[in-house]
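Visitor: I have a structure to look at before going back to the bench, and I would like to go through it with you in questions and answers.

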Amino acid sequence: MKLVKFQGEFLWHHHDNEDELFLVVKGKMLMRLRGKDVWVNEGEFIIIPRGVEHMPVADSEAHVVLLEPKTTLNTGNVQSERTVPVLQRI
């Protein structure tokens, strides 16, 4: 379980081996998927199956609980300046 706060666009990515559950606890977010966009409001969640390319977006700050293995890279298959190494996580 991870708690994140974010605002703006993240980046397009996918996870080869892990599903991800995003539970919005404050605010709302848009989950962009290839072919459609899904709004996720406070108190709602969305599950992104492994292998599905996605990009979380929040117009204003959103607080989101992520359920995924602690070894899951936040940027999935993409390495960028936003990638948080597993060793820096609690």
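## Salt bridges and a buried histidine

Guide: In this predicted model, Asp-37 counts as partly exposed, at 46% relative accessibility.

Visitor: With which residue does the side chain of Asp-37 meet in a salt bridge?

Guide: The closest approach in that salt bridge is 3.9 Å from N to O, which falls within the 4 Å cut-off. The partner of Asp-37 is Arg-32.

Visitor: Which residues are joined into one network by salt bridges that share partners?

Guide: The side chain of Arg-32 also meets that of Glu-9 in a salt bridge, at 3.2 Å from N to O. Arg-32 lies in strand E3 and Glu-9 in strand E1, so this pair ties together parts that are 23 residues apart in sequence. Arg-32 is partly exposed, with a relative accessible area of 26%, and Glu-9 is partly exposed as well, at 42%. Through shared partners, the network consists of Glu-9, Arg-32 and Asp-37.

Visitor: How many salt bridges does the structure hold?

Guide: Besides the salt bridges that Arg-32 makes with Glu-9 and with Asp-37, Glu-53 forms one with Arg-34, their closest N and O atoms being 3.0 Å apart. For the structure, the number of salt bridges is four.

Visitor: Does His-14 count as buried or exposed?

Guide: His-14 is found in the loop between strand E1 and strand E2, where its side chain makes a polar contact with the side chain of Asp-16 at 2.8 Å. Because the relative accessibility of His-14 is 18%, under the 20% cut-off, His-14 counts as buried.

Definitions and conventions: Residues numbered from 1 in each chain as written. Predicted model: local features only at pLDDT ≥ 70, side-chain atom pairs only at ≥ 80, totals over all residues. Heavy atoms only, no water. Helix = DSSP H or I, 4+ residues; strand = E, 2+ residues; numbered from the N terminus. Buried < 20%, exposed > 50% of the residue type's maximum accessible area, 1.4 Å probe, protein only. Polar contact = N/O pair within 3.5 Å; in protein donor to acceptor, adjacent residues only side chain to side chain.
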